[in-house]
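Please open the model in your viewer with the cartoon and the side chains both available, and follow the stops below in order.

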Amino acid sequence: MANASDEFRLASSGIDHEGRLPRKYTGDGQGTKKDISPPLEWYNVPEGTKTLALVVEDIDAPDPEAPLVPWTVWVVVNIPPTLKGLPEGFSGKEDMGGDYANVKEGHNDLKVPGWRAPKMPSSGHRFEFKLYALDEQLELGNKVTKEKFLEASDGHVVGEAVLMAVN
């Protein structure tokens, strides 16, 4: 049995100690301080991982009192396992080069690539950040969606790490 320090896990220095997602990471921020993708770090990537992928969803959409269907906020694929995280504001900066060169942002539920946390009609929405460790590089074509990724990753997931935050 692995101890907790060996566990594949996902963390963010941008989410406060109460698990709150600050406004600058949502559509409710002010001016240029909105819709910024939060910084993420991960630890103990499973052995045999060839690539990582991230799916972020508002699992309480449209309203925590009556959630209907999760809203896809961000999809990121082709993350090399050598990377230890994504910096704040990574979304939209696909020209970073180096280890980031092949990282690709998929389409969210606004049908555009990148991080988009919608304006929140109410507070208390839970955001689920799920990092997948995969044993194979996936061929996902040009337009990547959560659905396309989940279908292609079936049978290739060697680990998952989850981080929750609340708006």
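In this tour, two strands count as paired if DSSP finds at least two bridges between them. Keep in mind throughout that the model is a predicted one.

Begin with the backbone and select strands 1, 2 and 5, which form an open sheet of three strands in the order 1-2-5, with antiparallel pairing. The edges of this sheet are strand 1 (9-11) and strand 5 (85-86), each of which pairs on one side only. Now select strand 2, residues 40-43, which pairs with strand 5 in the antiparallel sense over two bridges; if you pick E41, you will find its bridge partner in strand 5 at G85.

Next, show the side chains of R9 and Y43, where the charged end of R9 sits over the ring of Y43, 4.4 Å from the ring centre.

Then turn to the aromatic rings, for which a search of the whole structure finds four pairs. Select W74 and W115, an edge-to-face pair with 5.5 Å from centre to centre and 90° between the planes. Because W74 lies in strand 4 (residues 71-79) and W115 in the loop between strand 6 (104-105) and strand 7 (126-134), this pair ties together parts that are 41 residues apart in sequence. Both W74 and W115 are buried, and adding F129 to the selection shows one aromatic cluster formed by W74, W115 and F129.

Finally, select F90 and Y100, whose ring centres are 5.6 Å apart and whose planes are at 35°, so the pair is tilted. F90 and Y100 are ten residues apart, each in the loop between strand 5 and strand 6, and both are buried.

Technical notes. Residues numbered from 1 in each chain as written. Predicted model: local features only at pLDDT ≥ 70, side-chain atom pairs only at ≥ 80, totals over all residues. Heavy atoms only, no water. Helix = DSSP H or I, 4+ residues; strand = E, 2+ residues; numbered from the N terminus. Phe/Tyr/Trp six-rings, centres within 6.5 Å; stacked < 30°, edge-to-face > 60°. Buried < 20%, exposed > 50% of the residue type's maximum accessible area, 1.4 Å probe, protein only. Lys NZ or Arg CZ within 6 Å of the ring centre and 35° of its normal.
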